[in-house]
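Work through the exercises below with the sequence and the coordinates at hand. Each task is followed by a solution in steps.

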Amino acid sequence: MNRRVRTVLLSFAALLFLGSLWGAGIPATAQNPPPPAPPTGEGPWVVRAYYTDRQMVDDLAAWLEPWEVHPDKGYLVVAVDREGYSRLLAAGFRLEVDPQRTEELTRPREPLPGQGPDTIPGYPCYRTVEETYATAQAIAAAHPTLATWTDIGDSWEKVTPGGNAGYDLMVLKLTNAAVPGPKPKLFIMAAIHAREYTTAELITRFAEYLVENYDVDPDVTWLLDYHEIHLLLQSNPDGRKKAEAGQLWRKNTDNDDGCTNPNYWGTDLNRNYPFQWGCCGGSSGDPCDETYRGPSPASEPETQAVVNYVQAQFPDQRGPGLGDPAPADAMGVFMDIHSYSRLVLWPWGFTSTPAPNGTALQTLGRKFAYFNGYEPEQAIGLYATDGTTDDFAYGELGLAAYTFELGTAFFQDCGAFENTILPDNLPALLYAAKASRTPYLTPAGPDALNVAAIPAGVAPGQPVQLTATVDDTRYNNSNGTEPTQNIAAAEYYVDVPPWITTTPPVPLPMVAADGSFDEEVEEVVATVDTTGLSAGRHILFVRGQDVNGNWGAVSAAFLYLLDPNVSPAIEGFVRDASTNLPLAATVTASTFQTNTIPANGYYHMLVISGTYDMSAAAPGFATATATGVVAHNYQTVQQDFYLSPICEMFADDVEAGNLGWTAQSPWAITTEASHSPTHSWTDSPGGNYANNRNISLTSPVLDLSGYEDVSLSFWHIYDMETDYDYGYVEYSTNGGGSWTQAAAYTGYDHVTWKQETIPLPALDGQANARIRFRFYSDSSLTADGWHLDDIALTGGGPACITPLAPTAEFTSNSPVVLGSPAVFTNQTVGTAPMDYFWDFGDGLGTSTQSDPEYTYLAAGTFT
Ligand code: 0X9
Ligand code: ZN
């Protein structure tokens with residue numbers, strides 16, 4: 001299988017070696033078989049183009065965009081038609097057609113079974129332009145104080161009469177408008193190249209993550225309070241529509257610059273930016289070329305929209321000379337998200353001279369690459385480019401500007417996007433927001449991690465332990481080594497972040513947990529004095545400094561102060577109803593929120609705040625003992641919930657023979673491949689599958705009564721004719737009478753064992769559940785087929801909870817919120833059923849109105 005990775009200049013030595021070998025005049029035919037005759041037909045073909053010196057790559061990139069560059073192997077990968085093929089030959093490349101990728105390139109795409117009409121066929125995880133816009137619109141409508149969705153300009157089709165209607169270019173701006181600015185800004189654009197599917201989806205998911213975690217995650221909360229995040233989700237909507245239809249379209253759709261071939265017209269928007277436009281052989285003047293720079297700098301409306309918007313948002317912080325650095329404390333981060341090749345790039349792209357802020361750009365680049373694992377390098381290391389977005393943003397305004405090249409394909413399969421690209425890159429984007437205040441300073445400092453306030457909810461005056469890790473080592477050192485230092489100091493701030501100066505200053509010291517600051521990673525602690533803090537939520541900011549004086553990025557934790565008059569902290573007991581003996585319990589109740597439920601068991605509880613009339617209280621409260629109090633205000637919360645461990649209802653590691661599967665021939669257990677340790681199921685033992693198959697491996701009937709959150713997981717590899725042959729996962733709730741599809745897999749060369757986890761909520765509680773793996777092939781091509789291993793059906797629910805043994809310890813670890821589930825750590829053992837009631841602190845064993853200092857009450861059944 002092709003490794004779809006554009007490795008960078010791993011080794012200059014290797015390159016020089018290859019260069020000198022080939023440069024010595026040894027004809028390619030002396031070392032290699034004669035070049036194949038040019039293929040017949042018009043193409044396109046995906047070819048490996050072997051080069052003999054690095055300049056050939058830059059020269060080629062001036063008109064055609066290499067998909068991959070492999071300096072270690074001396075070739076690049078690119079798609080060409082007949083004319084392009086001849087041009088590559090004339091330029092001295094030796095060409096090898098990749099038949100499999102050529103076939104994949106030209107094959108029409110089919111929607112996945114069940115896929116809706118307005119989605120991208122075969123790629124359901126990527127929103128179309130319309131879906132992206134609808135999402136952003138909905139975010140702005142649902143979060144009016146956090147999000148705005150603004151028209152910043154037009155696409156080429158929109159400004160061009162006739163033809164398509166075109167699109168507005170739209171920016172989703174995220175910030176808490178209730179906190180006044182000015183604020184540092186992070187600007188991210190995506191999908192300037194139409195075919196780069198993963199890019200727009202990544203930043204759309206980033207937007208969703210931010211708005212969903214505001215007020216939930218402390219870091220997201222302060223980021224949106226004190227920063228602005230501007231997201232141009234679709235930078236090239238006209239081109240994107242072609243790519244959504246399956247064309248490998250890159251440019252916009254501008255057709256009036258002299259290219260008359262509708263397959264090739266368009267301007268490469270990432271060569272159209274007005275800084276060093278067309279300066280240096282990093283773009284093409286031919287309007288049919290892939291890297292056509294347009295007729296003039298910023299000729300395209302899409303470019304104008306971004307240039308105008310960015311210039312309006314950010315001040316110019318860099319002098320006019322190419323060698324003028326932006327000041328060390330310059331603000332603002334600019335990111336342009338591309339695919340593919342797993343790279344983090346920074347200016348310059350037009351020259352190999354490092355940018356005047358090159359060292360600081362490299363530091364943040366290596367920090368980003370710590371998170372996503374990509375290769376960090378100056379942009380020209382890939383190939384020379386001019387008129388790009390990032391050179392403009394840095395060159396014109398002094399912004400810390402980056403290009404990410406996500407993943408390993410333009411049309412990346414959804415599994416790789418969901419499981420790898422998204423989780424790898426979200427933390428990098430969050431860090432970009434954290435660093436946007438001082439991107440040339442903060443990344444050199446240590447990260448503050450794992451900030452925790454213990455306990456997280458206290459009465460005023462009660463001390464809180466604040467702990468954190470301060471780590472100066474978090475860089476990707478795959479391309480050079482970032483200097484790191486010992487930690488010198490750490491400090492915290494209550495409610496007022498470090499960047500807001502106050503009199504007197506607010507920093508409070510933290511100390512090394514091991515007694516001295518003498519390592520690059522330190523645990524740090526402080527005791528927070530909560531005297532005088534108001535009731536409600538507070539935020540504790542933590543940051544660390546290294547011995548070079550660099551302060552690193554801040555992380556925060558929430559701390560809840562509980563007002564005894566409004567939301568008392570309740571220390572109480574759970575008593576066994578039959579013996580009246582106290583079972584250890586601590587409950588902290590407040591109006592403040594958290595709704596993580598970490599433990600297993602059954603709970604029923606009722607919480608009432610305010611003064612209350614028990615008889616008028618919520619249904620179920622009649623079982624409580626208090627009566628006769630006149631009602632004023634009260635709120636009730638009633639929750640029934642159980643916390644369940646995860647059970648395995650069925651598991652097959654394929655090492656113990658057939659565990660009851662119905663295996664339609666030729667499904668069989670094989671040793672030709674396995675995940676663990678030696679056997680797997682396959683549809684085609686002994687080699688390739690045959691054409692026109694439709695055969696299933698079907699589980700026994702499984703009784704899932706009492707189970708919930710049913711989920712199927714398995715490991716597999718597969719090699720199937722892409723989009724024609726499929727492996728389907730299906731389930732049945734009637735013992736196999738009818739089947740519903742849960743997942744489908746297709747494609748060649750998925751040869752790395754991978755785990756899939758498929759939630760199957762439809763199987764919850766089903767007494768006649770079955771699952772099956774159905775392999776389907778049509779005519780034409782065949783391949784190695786499907787291998788499955790370590791198949792498990794898991795779930796939670798009442799059937800999963802083991803009865804409890806006597807004695808109980810029942811400790812809350814966070815505040816109870818009115819309207820949300822209570823949070824308990826349940827270390828209960830006991831014999832079910834067991835009644836309990838809460839005692840509010842007097843130890844007398846009953847909950848009565850004679851506890852006037854407490855305004856919360858809870859009661860229920862614990863089984
Ligand atoms: O060629 C491009 O525009 C980018 N690669 S892509 O495959 N996404 O088309 C790379 C640009 C690298 N140069 C700069 N970022 N300056
Ligand atoms: Zn791109």
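**Exercise 1. The surroundings of ligand 1**

How far does a polar side-chain atom of T403 lie from a nitrogen atom of ligand 1? Go on to describe the cover of ligand 1 in this predicted model.

Solution.
- Step 1. The distance from the polar side-chain atom of T403 to the ligand nitrogen is 3.1 Å.
- Step 2. Taken alone, ligand 1 exposes 410 Å², and 100% of that is buried by the protein.
- Step 3. Two other side chains make polar approaches: H338 has a polar atom 3.0 Å from a nitrogen atom of ligand 1, and Y383 has a side-chain N or O atom 2.7 Å from an oxygen atom of the ligand.
- Step 4. There are 18 residues around ligand 1, and those that come nearest are R250, R271, Y383, D390 and E405.

**Exercise 2. The zinc site**

Identify the donors of the zinc ion (ligand 2) and place them along the chain.

Solution.
- Step 1. The coordinating atoms are ND1 of H193, two OE entries of E196, and ND1 of H338, at 2.0 to 2.5 Å.
- Step 2. Along the chain these donors follow the spacing H-x2-E-x141-H.
- Step 3. E196 and H338 link distant parts of the chain, 142 residues apart: E196 sits in the loop between strand 7 (185-190) and helix 8 (197-213), while H338 belongs to strand 9 (residues 333-339).
- Step 4. The cut-off for buried is under 20% relative accessible area. E196, at 2%, is therefore buried, and so is H338, at 1%.

**Exercise 3. Helix 13**

How many of the nine residues of helix 13 are buried, and what covers them?

Solution.
- Step 1. Helix 13 spans residues 389-397, and eight of its nine residues are buried.
- Step 2. The buried set consists of T389, D390, D391, F392, A393, Y394, G395 and L397.
- Step 3. Their cover includes strand 7, strand 9, strand 12 (400-406), helix 11 (301-313) and helix 12 (358-372).
- Step 4. After helix 13 comes G398, with a positive phi near 80°.

**Exercise 4. Three salt bridges**

Compare the burial of the partners in the pairs K241 with E244, R94 with E96, and D447 with K367.

Solution.
- Step 1. Side chains of opposite charge can pair when their charged atoms come close. The structure holds 27 salt bridges.
- Step 2. In the K241–E244 pair the closest N and O atoms are 2.4 Å apart. Both residues lie in helix 10 (residues 237-244), three residues apart, about one turn of the helix. K241 is partly exposed at 28%, whereas E244 is buried at 6%.
- Step 3. R94 and E96 have their closest N and O atoms 3.4 Å apart. R94 is buried at 14%, and E96 is partly exposed at 30%.
- Step 4. For D447 and K367 the separation of the closest N and O atoms is 3.0 Å. This pair links distant parts of the chain, 80 residues apart, with D447 in strand 13 (residues 447-454) and K367 in helix 12. D447 is buried at 2%, and K367 is buried at 0%.
- Step 5. A network of salt bridges links E65, R195, R250, D268, R271 and E290.

**Exercise 5. E491**

Is E491 buried or exposed, and what does it contact?

Solution.
- Step 1. E491 lies in strand 16 (residues 487-494) and is buried, with a relative accessible area of 11%.
- Step 2. Beyond its neighbours within four places in sequence, E491 has contacts including P507, M510, F541, R543 and W551.
- Step 3. Its side chain makes a polar contact of 2.3 Å with that of Y493.

Note on methods: Residues are numbered from 1 along each chain as its sequence is written. Chains are lettered from A and ligands numbered from 1 in the order in which they are written. This is a predicted model: local features need pLDDT of at least 70, side-chain atom pairs count only at pLDDT 80 or more; totals for chains, interfaces and linings use all residues. Side-chain values use heavy atoms; hydrogens and water are left out. Helices (H or I, at least four residues) and strands (E, at least two) are DSSP runs, numbered from the N terminus. Buried means under 20% relative accessible area, exposed over 50%, partly exposed in between (1.4 Å probe, protein chains only). Contact means heavy atoms within 4.5 Å. A polar contact is a pair of N or O atoms within 3.5 Å; within protein, one must be able to donate a hydrogen and the other to accept it, and residues adjacent in sequence count only if both atoms are side-chain atoms. Donors are N, O and S atoms within 2.8 Å of the metal (3.2 Å for Na, K and Ca); water is not among the atoms, so sites may look incomplete. A residue is near a molecule or strand if one of its heavy atoms lies within 4 Å of it. Accessible areas come from the Shrake-Rupley method with a 1.4 Å probe; for residues, only the protein chains shown count as cover. A salt bridge is a side-chain nitrogen of Lys or Arg within 4 Å of a carboxyl oxygen of Asp or Glu.
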